[in-house]
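Here are my notes on the model you sent over. Have it open while you read, and go point by point.

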Protein chains: 2
Amino acid sequence: MKARVFITLKRGILDPQGQAVLHAIEALGQTGVKEARIGKFIELELTTTDRPAAETQLKMLCETLLANTVIEEYRFELQD
Amino acid sequence: MKARVFITLKRGILDPQGQAVLHAIEALGQTGVKEARIGKFIELELTTTDRPAAETQLKMLCETLLANTVIEEYRFELQD
């Protein structure tokens, strides 16, 4: 089973990396991009085929290891 | 229009950050995770409502700025 985890900064948390990308886009002469926010995208290959167990494990991994829940939020998808 | 860009290392390219995460997962005593690969997740807010124009612009931004196409591949989704 494949898991795809998305980790993004919470709304309201300053994203300097995103601002750097936005400035770089403007420096390229590109208009029409209003906001850029950078997050992490983590692909995990799980051996289990038990979806509820996988969800429990992923939630635990996100809370303890992958995301800093003070400033980040996470979301994941499971694919068989 | 919202764009979500996923940038991942190409298959076959070594991912030390993913390996570090995999080791950390094992160090937590968690089994059942076989592989971890880390990528970037970029959310852009576009002012245009013209989908083909947005796709052209995103392709250009990914090729020139957001992804290193030698070692990374990209994928994006557009949401109205």
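**Notes on the two-chain model**

1. Let's start inside chain A, where β1(A) and β2(A) run antiparallel and are joined by 6 bridges. One of the pairs to look up is Lys2(A), whose bridge partner in β2(A) is Glu45(A). Keep in mind throughout that this is a predicted model.

2. On its other pairing, β1(A) is joined to β3(A) by 8 bridges, again in the antiparallel sense. Here Ile7(A) has Tyr74(A) of β3(A) as its bridge partner. Chain B has a matching entry: β1 (residues 2-9) of chain B pairs antiparallel with β3(B) over 8 bridges, and Ile7(B) has Tyr74(B) as its bridge partner in β3(B).

3. How much of β1(A) is buried? The count is 7 of its 8 residues, so the strand is largely enclosed by the rest of the structure.

4. Now zoom out to the whole sheet. It is open, has 6 strands, and reads β3(A)-β1(A)-β2(A)-β2(B)-β1(B)-β3(B), with antiparallel pairing. Which strands stand at the edges? Those are β3 of chain A and β3 (72-79) of chain B; each has a single partner strand, so one side of each is left without a neighbour in the sheet. From one strand to the next, the twist averages 25°.

5. The helices are worth a look next. α2(A) lies across β1 (2-9), β2 and β3 of its own chain, and also across β2 (33-46) of chain B. Its direction is at about 155° to β3(A). Helix α2 (residues 51-66) of chain B lies across β1, β2 and β3 of chain B plus β2 of chain A, at about 155° to β3(B).

6. On symmetry, a turn of 180° with a shift of 0.0 Å along the axis lays chain A on chain B, with an RMSD of 0.0 Å. That is the relation of a two-fold axis. Which residue of chain A comes closest to the rotation axis? Lys40(A) does, with its C-alpha at 2.3 Å. As for the interface, 100% of the interface residues of chain A are also interface residues in chain B, so the copies meet through the same surface.

7. Back to Ile7(A), which sits in strand β1 of chain A. Buried or exposed? Its relative accessibility is 1%, so Ile7(A) counts as buried. Setting aside neighbours within four places in sequence, Ile7(A) has contacts that include Gly39(A), Lys40(A), Ile42(A), Leu66(A) and Tyr74(A). Lys40(A) is 33 residues away from Ile7(A) along the chain, yet their C-alpha atoms are separated by 5.0 Å.

8. Glu45(A) is a good one to click on. You'll find it in strand β2 (residues 33-46) of chain A. Glu45(A) has a relative accessible area of 18%, and the cut-off for buried is under 20%, so it is classed as buried. Its side chain makes a polar contact of 3.3 Å with the side chain of Lys2(A), the residue that is also its bridge partner. Beyond four places in sequence, Glu45(A) touches Met1(A) and Lys2(A) in chain A, and Gly32(B), Val33(B), Lys34(B) and Glu35(B) in chain B.

9. Over in chain B, Arg4(B) belongs to strand β1. What is its relative accessibility? It is 13%, so Arg4(B) counts as buried. The side chains of Arg4(B) and Glu77(B) are joined by a polar contact of 2.9 Å. Further contacts of Arg4(B), neighbours within four places aside, include Phe41(B), Ile42(B) and Phe76(B), as well as Arg75(A) from chain A.

10. Thr69(A) is a loop residue, placed between α2 (51-66) and β3 (72-79) of chain A. At 33% relative accessibility, Thr69(A) counts as partly exposed. Leaving out neighbours within four places in sequence, its contacts are Lys10(A), Glu63(A) and Tyr74(A). Thr8(A) is 61 residues away along the chain, with 9.9 Å between the C-alpha atoms of Thr69(A) and Thr8(A).

11. Last, the cysteines. How many disulfides are there over all chains? The count comes to 0. Cys62(A) counts as buried at 0% relative accessibility, and Cys62(B) likewise counts as buried at 0%.

Conventions:
Residues numbered from 1 in each chain as written. Chains lettered and ligands numbered in written order. Predicted model: local features only at pLDDT ≥ 70, side-chain atom pairs only at ≥ 80, totals over all residues. Heavy atoms only, no water. Helix = DSSP H or I, 4+ residues; strand = E, 2+ residues; numbered from the N terminus. Buried < 20%, exposed > 50% of the residue type's maximum accessible area, 1.4 Å probe, protein only. Polar contact = N/O pair within 3.5 Å; in protein donor to acceptor, adjacent residues only side chain to side chain. Contact = heavy atoms within 4.5 Å. Disulfide = S-S within 2.5 Å. Least-squares fit on C-alpha atoms with pLDDT ≥ 70 in both. Pairing = 2+ DSSP bridges. Axes fitted to C-alpha atoms, helices over the stretch in contact; angles between N-to-C directions.
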